[in-house]
Amino acid sequence: MSEKIRVVLDAMGGDFAPAEPVKAAVEALNENTELFIYLTGKEDQINQELQKYTYPKDRLEVVHASEIIETGEAPAKAIQTKKDSSLVKGLKMVREGKADAIVSAGSTGAVLVGGQVIVRKVPGVERAPLAPLIPTEKGFSLLIDCGANVDARSSHLVQFAIIGTIYMKHVIGIENPTVGLVNIGAEEEKGNALAKETYQLLKETEGINFIGNVEARDIPAGAADIVVTEAFTGNVILKLYEGLAGTLIKKVKEGLMSTLRSKIGGILIKPALKNTLKSFDSSTYGGAPLLGLRGLVVKTHGSAKSVEIKNSIIQCIKFTEQDLPGMISEHLKK
């Protein structure tokens with residue numbers, strides 16, 4: 001590519017800022033020649049971290065921001081009052097076309113509010129959902145929504161299915177992705193009023209491959225490529241997923257170290273086990289994009305280390321090349 005993909009990285013966002021974001025930026029630049037990265041935040045602290053590394057200086061620029069939005073702050077107020085924060089400055093760069101995307105491990109609420117208020121939604125999009133890829137037996141699925149719209153209506157969930165289908169087809173490369181609606185049973189008549197109403201609308205929606213209800217226990221098996229739900233349920237699924245995966249990995253390691261025999265067996269199975277456990281490491285999939293905006297906003301975990309942040313930066317490349325906002329806009333006009 002002749003033109004670089006320009007990604008803003010909020011260097012002051014997250015539990016390990018600015019050390020881990022800066023490390024991630026360097027790793028991403030050294031692995032991908034098509035990237036240009038802006039690091040927003042306190043210039044002196046960022047430059048101090050950059051001194052530790054060797055990187056292509058012509059593809060990185062530090063944009064000074066004197067303020068930081070803390071996790072405990074009210075999101076809307078923080079976005080409104082902290083104009084010189086690393087997050088707000090980065091979001092404005094995306095809105096103004098100076099950057100193609102922004103990645104942040106900062107306050108989830110501030111990222112969600114800022115994305116919708118500053119970057120703004122694609123015309124026709126009712127709500128912008130947060131949509132991470134989650135590991136499954138078959139590979140991964142898109143969980144949409146997992147935290148942006150707690151009080152969603154059935155029309156919002158239908159749009160989530162449409163937006164998710166466009167994303168999985170054009171960015172991930174699944175030609176005809178299946179869509180499942182999270183419910184407490186597989187039968188059509190199961191669920192609350194929202195689920196029942198959404199089910200009927202999804203059945204009638206053209207351009208999506210709706211396969212019906214999906215129970216929570218079937219999600220890890222890869223029952224659907226796209227798992228549609230409102231944000232409250234989606235966030236519970238995501239947090240349980242992450243917590244259970246971490247617990248299982250811990251218990252497996254404890255079991256392998258419990259006796260001399262298990263230690264010997266552990267040595268023999270270590271390569272295969274390592275690859276298996278790696279597939280359930282959410283950091284390998286990068287962050288969760290806030291879909292339906294005019295530019296790309298990606299939220300990573302507040303506790304994200306450099307590998308997750310780096311993968312979040314890298315995922316911006318294909319997203320930008322495919323012009324997902326343009327595709328969503330065209331689809332909604334039909």
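Leaving aside its neighbours within four places in sequence, with which residues is Ile-313 in contact? In the predicted model analysed here, the contacts of Ile-313 outside that sequence window are Val-7, Leu-9, Ala-24, Ala-25, Ala-28, Leu-35, Ile-37 and Val-103. Ile-313 belongs to the largest nonpolar core, a set of 57 residues in which Ile-313, together with Leu-39, Leu-50 and Val-228, ranks among the residues with the most contacts inside the core. Helix H6, spanning residues 154–172, supplies the largest share of this core, namely 10 residues. Apart from this core lies another one, of 36 residues, whose members include Phe-36, Val-63, Val-88 and Ala-224.

Val-88, one of the residues named in the 36-residue core, is also one of the buried residues of helix H4. This helix, which covers residues 86–95, is mostly covered, with seven of its 10 residues buried; the buried positions are Ser-86, Leu-87, Val-88, Gly-90, Leu-91, Met-93 and Val-94. Just after H4, Gly-97 adopts a positive phi of about 80°.

The surroundings of Ser-104, a residue of strand S4 (residues 101–104), were examined next. Ser-104 counts as buried because its relative accessibility is 2%, below the 20% cut-off for that class. Leaving aside neighbours within four places in sequence, Ser-104 is in contact with Asp-10, Leu-87, Val-111, Val-298, Lys-299 and Thr-300, and Leu-87 is itself among the buried residues of H4. Two polar approaches involve the side chain of Ser-104: one is a polar contact with the side chain of Asp-10 at 2.8 Å, and the other places the backbone nitrogen of Gly-106 at 3.0 Å from a polar atom of the Ser-104 side chain. With respect to sequence separation, the C-alpha atoms of Ser-104 and Val-297 are 8.1 Å apart, although 193 residues separate the two along the chain.

A comparable analysis was made for Leu-332, which lies in helix H11 (residues 324–333). With a relative accessibility of 25%, Leu-332 is classed as partly exposed. Its contacts, when neighbours within four places in sequence are left aside, are with Pro-123, Gly-124, Val-125 and Gln-159. The C-alpha atoms of Leu-332 and Pro-123 are separated by 8.3 Å, the two residues being 209 residues apart along the chain.

Aromatic and charge–ring arrangements were also considered. A search of the whole structure finds three aromatic pairs. In one of them, the ring centres of Tyr-167 and Phe-319 are 6.3 Å apart and the planes stand at 50°, so the pair is classed as tilted. Because Tyr-167 lies in helix H6 and Phe-319 in helix H10 (residues 306–322), this pair ties together parts that are 152 residues apart in sequence. Both Tyr-167 and Phe-319 are buried. As for charges placed over rings, Lys-57 lies over the face of Tyr-55, at 4.7 Å from the ring centre, while the charged end of Lys-305 sits over the ring of Phe-16, 4.8 Å from its centre.

With regard to cysteines, the count of disulfides comes to zero. For Cys-146, which takes part in no disulfide, the nearest cysteine sulfur is that of Cys-316, 16 Å away; for Cys-316, likewise in no disulfide, the nearest is that of Cys-146. Cys-146 is buried, with a relative accessible area of 3%, and Cys-316 is buried as well, with a value of 0%.

Finally, several backbone features deserve mention, given that most residues other than glycine have a negative phi and most peptide bonds are trans. A cis peptide bond, with omega of about -5°, joins Ala-17 and Pro-18, and Pro-18 is placed in the loop between strand S1 (5–10) and helix H1 (19–31). The peptide bond from Ile-144 to Asp-145 is also cis, with omega near 20°, and Asp-145 occupies the loop between strand S6 (139–144) and H6. Positive phi values in residues other than glycine occur at Arg-120, near 80°, and at Asp-323, near 50°. Arg-120 is found in the loop between helix H5 (108–119) and strand S5 (133–136) and, at 39% relative accessibility, counts as partly exposed. Asp-323 is located in the loop between H10 and H11, and its relative accessibility of 44% likewise places Asp-323 in the partly exposed class.

Terms used: Residues are numbered from 1 along each chain as its sequence is written. This is a predicted model: local features need pLDDT of at least 70, side-chain atom pairs count only at pLDDT 80 or more; totals for chains, interfaces and linings use all residues. Side-chain values use heavy atoms; hydrogens and water are left out. A nonpolar core is a set of buried Ala, Val, Leu, Ile, Met, Phe, Trp, Tyr and Cys residues joined through side-chain atoms within 4.5 Å. Buried means under 20% relative accessible area, exposed over 50%, partly exposed in between (1.4 Å probe, protein chains only). Helices (H or I, at least four residues) and strands (E, at least two) are DSSP runs, numbered from the N terminus. Contact means heavy atoms within 4.5 Å. A disulfide is a pair of cysteine sulfur atoms within 2.5 Å. Rings of Phe, Tyr and Trp (its six-membered ring) pair if their centres lie within 6.5 Å; planes under 30 degrees apart count as stacked, over 60 as edge-to-face and the rest as tilted. A charge sits over a ring if NZ of Lys or CZ of Arg is within 6 Å of the ring centre and within 35 degrees of the ring normal. A polar contact is a pair of N or O atoms within 3.5 Å; within protein, one must be able to donate a hydrogen and the other to accept it, and residues adjacent in sequence count only if both atoms are side-chain atoms.
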